[in-house]
Amino acid sequence: MISKASAPGKIILFGEHFVVYGVKAILASVDKRITVTSKKTDEKKIIIDSLFGNQNYSSDADIESIKPEIQPIAYLAKKMINKFDWTGGIQIKIDSQLPPGVGLGSSSSSCVASAASISGLFEERPREDILELAIDAERTIFPQTSGADCTVCTFGGIIEYQKDKDYEKINAKPDFELVILNSDTIHSTDKMVSQVREFKNTNPEMFLKLCEKETNLIEKAKQALRNNDSANIGRIMKENQSYLEEIGVSNQNLQNIVEFANSKTFGSKLTGAGGGGCIISITNKNDLKTITESFDRAKYKYWTAKLDFDGLIVE
Ligand code: MEV
């Protein structure tokens, strides 16, 4: 028996980092997916075939002995093997349309799709349970996660997320065109989150002020999304970028790209942990061609993306 599931990547439209401290964030899933196919095997092995190579472990292997990039997947396989007293092993294949380490949710998307695919070998579970499993798995490599990324990869669309609260769907179908620019620098989300924690501890008042500003911005952003007001959404993105610069997760390279993109689009900001990764920009359909031509001339790596409204798909 084969169990197959896919989950989309994500962007954070507003509120990354502040969301770790209880501020609301707005996220959306995008039309690039990770597909996971699993099957039971007779041999007591966990085999994971992904862009990190073909890895082969004993089902009893210690999680810490497993390559970090695939630890969450092995964690899920071991969890299911133990829960269902499965005497054989599991073979897992991960096909990704998402580049890793650039803030587009490749880790969360693979955790969600793997949680659904691997647990699907044994039982059917509601999406809420899959999400819980996926967050547990992601915590093996990223203990500080707010859970925001896995939530949007599970449910899809545009969501408002607050840590330890229920997420809410934002009923908006904005017609902006999304351009994602890759700064070509890989980042570690956990490292960036720790860096912000340090910033918060040394600048508590400033951080609190920024949390208040971000909270106000999120309310304005929700309204602008519902009103399909791209010019305003762009302005709010620029404002959010300035808060991210203040907490130190931007850098000169990202700022140069943001500045260039701002001169052509409604607005831009980094998305995700920062320190590298991607920048998102929004524009309208009519200007898209001219804008992407100017990105081509400037030799930026970019792609256009659409929002995804499906979330997790179990086949
Ligand atoms: C990473 O995509 C988003 C962060 O806010 C961390 C998190 O919410 O877990 C930086």
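Let us start with threonine 265, which counts as buried because its relative accessibility is 11%, below the 20% cut-off for that class. The model we are looking at is a predicted one. Threonine 265 sits in the loop between α8 (252-262) and β9. Its side chain has two polar partners to look at. One is the backbone nitrogen of glycine 267, which lies 3.4 Å from a polar atom of the threonine 265 side chain. The other is the side chain of serine 268, with a polar contact at 3.5 Å. Leaving aside residues up to four places away in sequence, threonine 265 also touches Ser281, Ile282, Thr283, Ile291 and Phe295.

**The chain as a whole**

Now for a step back. The protein chain has nine helices and 13 strands. Its radius of gyration is 20 Å, close to the 20 Å that the globule rule gives for 315 residues, so the chain is as compact as a globular protein of that length. Along the principal axes, the C-alpha atoms fill a box of roughly 60 × 45 × 35 Å. Of the 315 residues, 55% count as buried. The chain exposes about 13,700 Å², and carbon and sulfur atoms supply 46% of that area. Among contacts between residues at least 6 apart in sequence, 73% join residues at least 24 apart.

**The nonpolar cores**

Which residues have the most contacts inside the largest nonpolar core? They are Ile92 and Leu178, in a core of 91 residues. Helix α6 (residues 204-226) gives the most to this core, with eight residues. Apart from it lies another core, of eleven residues, among them Val20, Ala25, Ala148 and Val193.

Leucine 178 is worth a visit in the viewer. Not counting residues up to four places away in sequence, its contacts include Ile11, Val30 and Ile280. Leucine 178 also touches Ser281 and Ile282, and these two residues are on the contact list of threonine 265 as well. Trp303, Thr304, Ala305 and Leu307 complete the neighbours of leucine 178.

**Helix α3**

Helix α3 (residues 127-138) makes a nice check on geometry. At 1.5 Å a residue, its twelve residues should span 16 Å, and the end C-alpha atoms are indeed 16 Å apart, so the two values agree. The buried residues of this helix are Ile130, Leu131, Leu133, Ala134, Ile135, Ala137 and Glu138. Which helices do the buried residues of α3 pack against? Their partners are α1 (71-83), α2 (106-119) and α4 (148-155).

**Two loop positions: serine 188 and alanine 273**

Serine 188 is in the loop between β8 (177-182) and α5 (189-202). With 36% relative accessibility, serine 188 counts as partly exposed, because that class lies between the 20% and 50% cut-offs. The side chain of serine 188 reaches the backbone nitrogen of lysine 191 at 3.0 Å. The C-alpha atoms of serine 188 and tryptophan 86 are 102 residues apart along the chain and separated by 34 Å.

Alanine 273 belongs to the loop between β9 (267-271) and β10 (278-283). Is alanine 273 buried or exposed? Alanine 273 is buried, because its relative accessible area is 6%, under the 20% limit. Its contacts, not counting residues up to four places away in sequence, are His17, His187, Thr189, Met192 and Val249. Alanine 273 and aspartate 190 are 83 residues apart along the chain, with their C-alpha atoms separated by 8.3 Å.

**Two residues with positive phi**

Most residues other than glycine have a negative phi. Aspartate 164 and lysine 299 each have a positive value, as set out here.

| Residue | Phi | Loop | Relative accessibility |
|---|---|---|---|
| Aspartate 164 | about 60° | between β6 (158-161) and β7 (168-169) | 75%, exposed |
| Lysine 299 | near 65° | between α9 (285-297) and β11 (301-305) | 70%, exposed |

Aspartate 164 counts as exposed because its 75% relative accessibility is over the 50% cut-off. Lysine 299, at 70%, likewise counts as exposed.

Definitions and conventions:
Residues numbered from 1 in each chain as written. Predicted model: local features only at pLDDT ≥ 70, side-chain atom pairs only at ≥ 80, totals over all residues. Heavy atoms only, no water. Helix = DSSP H or I, 4+ residues; strand = E, 2+ residues; numbered from the N terminus. Buried < 20%, exposed > 50% of the residue type's maximum accessible area, 1.4 Å probe, protein only. Contact = heavy atoms within 4.5 Å. Core = buried A, V, L, I, M, F, W, Y, C linked by side-chain atoms within 4.5 Å. Polar contact = N/O pair within 3.5 Å; in protein donor to acceptor, adjacent residues only side chain to side chain. Expected span 1.5 Å × (residues − 1). Rg over C-alpha atoms; globule rule 2.2 N^0.38 Å. Areas by Shrake-Rupley, 256 points an atom, 1.4 Å probe, with all protein chains shown as cover.
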